[in-house]
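Open the model in your viewer and keep the selection panel at hand. The stops below take the ligands and the helix pairs in turn.

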Amino acid sequence: MPPRQLPGMLCLPTMKTPCALYYFSSTGNSLAVALALAQCLDAPDPVSIPGSLVLPDPYAASREVEKVGFVFPVHRATLPEMARGFIEQMPVREDCYYFAISTHTLFGMNEFWDIDEVLSAKGALLNYAAAVRMTGNVGLLNPDFRSVERRQHLMEAQIAEIAEAINNRQENYFRRSVKLLGRLVRTFTEQRRNSIRFRVDERCTRCGVCAAVCPAQNISVGIDASQAPVRSDKCEACLACVHWCPAGALSTATRLHQHYHHPQIRPEQLNPERFNHETSDIA
Ligand SMILES: Cc1cc2nc3c(=O)[nH]c(=O)nc-3n(C[C@H](O)[C@H](O)[C@H](O)COP(=O)(O)O)c2cc1C
Ligand code: SF4
Ligand code: SF4
């Protein structure tokens with residue numbers, strides 16, 4: 001297992017309390033944020049949400065701790081459906097401190113409201129929320145190296161501040177975020193998940209990376225060379241497969257995509273529990 005640390009992160013010494021961090025990440029931004037935060041909070045390795053779903057107890061890390069955090073990308077104005085489902089099923093405690101950190105390109109919208117709604121329906125609360133701007137993964141052009149590096153430095157400074165707030169159990173979430181379009185946003189997302197179609201071109205080397213990074217185990221790489229390595233019946237529409245394809249052979253049927261992933265994250269770090277499972281099939 002590769003070391004799950006970001007190089008060069010500096011954090012202020014603070015009072016530490018036991019903490020569990022869960023993340024969902026398609027292109028590594030949210031994992032980079034979760035790793036930086038874990039370092040600053042002196043918390044155990046962040047736990048992948050898709051990865052934990054293949055474990056006997058997906059919620060083991062959260063059972064005895066005083067703080068539980070979720071780190072995830074904004075997908076279509078809210079949190080990814082798989083992360084929402086994970087929080088919906090999570091056993092919660094009234095006295096536990098819950099926090100949520102979203103990563104986004106332009107702005108979030110409903111993600112904190114939606115998490116708070118899920119938690120408060122079960123008698124808990126979202127205590128703290130923060131949004132971190134990262135290099136985007138929905139454009140047409142690949143971002144340039146300098147802007148990625150600059151964004152990474154800004155993120156590290158912001159995470160040090162966020163960690164301090166969390167260590168001090170700061171409360172900043174009072175249902176004050178904007179809930180716009182509400183149910184409409186989710187309906188659109190569901191339609192997208194059910195209708196996304198992929199195109200694989202002749203550059204495909206059948207390496208299996210797309211299958212290994214897919215959080216939904218939605219891809220299989222068959223023996224038949226003419227067979228597209230994607231099936232979309234369980235698709236989360238997260239585009240991880242498109243971004244991580246080393247040959248640039250994968251796109252959605254409707255448009256071309258940039259190819260981006262966080263420079264300090266490798267595909268095997270995304271969802272380690274699933275990566276081992278997938279790669280053993282590929283080998
Ligand atoms: C399907 C999809 C939908 C997205 N929707 C939004 C959005 O509504 N607002 C936004 O600012 N960024 C949006 N983004 C950009 C991501 O939130 C952003 O790049 C994030 O940092 C990616 O994190 P990850 O690398 O952990 O997956 C979207 C990305 C994808 C793939
Ligand atoms: S990651 Fe790309 S090259 Fe590898 S199997 Fe998937 S589509 Fe083919
Ligand atoms: S098939 Fe691609 S877009 Fe769909 S869930 Fe898997 S990695 Fe994400």
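This is a predicted model. Start at ligand 2. Its surroundings hold 14 residues. Select Cys-204, Cys-207, Val-209, Cys-210 and Cys-245, which come nearest to ligand 2. Now colour the shell around ligand 2 by class: 11 residues are nonpolar, 2 are polar and 1 is charged.

Next, ligand 3. Which residues come nearest here? Pick Cys-214, Cys-235, Glu-236, Cys-238 and Cys-241, out of 13 residues around ligand 3. The shell around ligand 3 splits into 11 nonpolar, 1 polar and 1 charged residues.

Move to ligand 1. Here 23 residues form the surroundings. Show Thr-27, Asn-29, Ser-30, Pro-73 and His-104 as sticks; these are the closest to ligand 1. By class, the shell around ligand 1 has 12 polar, 10 nonpolar and 1 charged residues. Then display the cartoon. Helix 1, residues 29–41, supplies at least two residues of this shell, and so does strand 4, residues 97–104.

Where does ligand 1 lie with respect to the domains? Colour domain 1 (19–167) and domain 2 (194–282) separately. Both give residues to the shell around ligand 1, so ligand 1 lies between them.

Stay with helix 1 and add helix 5, residues 145–167. The two helices pack at an angle of about 50 degrees, and their axes are 9 Å apart. That angle makes helix 1 oblique to helix 5. The crossing of helix 1 past helix 5 is right-handed. Now select the contact residues. From helix 1, take Val-33, Ala-36, Leu-37, Cys-40 and Leu-41. They meet Met-155, Glu-156, Ile-159, Ala-160, Ile-162, Ala-163, Ile-166 and Asn-167 in helix 5. This contact between helix 1 and helix 5 counts 11 nonpolar, 1 polar and 1 charged residues.

Last stop: helix 3 (residues 81–89) and helix 4 (residues 111–121). How are the two oriented, roughly parallel or roughly antiparallel? Their packing angle is about 20 degrees, with axes 9 Å apart. Angles under 35 degrees count as roughly parallel, so helix 3 is roughly parallel to helix 4. Helix 3 and helix 4 also cross in a right-handed sense. Select Arg-84, Ile-87 and Glu-88 in helix 3; these meet Asp-114, Ile-115 and Val-118 in helix 4. Colour this contact by class: helix 3 with helix 4 has 3 nonpolar and 3 charged residues, and no polar ones.

Notes
Residues are numbered from 1 along each chain as its sequence is written. Chains are lettered from A and ligands numbered from 1 in the order in which they are written. This is a predicted model: local features need pLDDT of at least 70, side-chain atom pairs count only at pLDDT 80 or more; totals for chains, interfaces and linings use all residues. A residue is near a molecule or strand if its C-beta atom, placed from the backbone, lies within 6 Å of it. Ala, Val, Leu, Ile, Met, Phe, Trp, Tyr, Cys and Pro count as nonpolar, Asp, Glu, Lys and Arg as charged, and the others, Gly among them, as polar. Helices (H or I, at least four residues) and strands (E, at least two) are DSSP runs, numbered from the N terminus. Domain bounds come from an automatic or database domain assignment. Axes are lines fitted to C-alpha atoms, for helices over the stretch in contact, and angles run from 0 to 180 degrees between N-to-C directions. Angles under 35 degrees count as roughly parallel, over 145 as roughly antiparallel, 65 to 115 as roughly perpendicular and the rest as oblique. A crossing is left-handed if the near helix is turned anticlockwise from the far one by less than a right angle, and right-handed if clockwise. Two residues are in contact if their C-beta atoms, placed from the backbone, lie within 7 Å.
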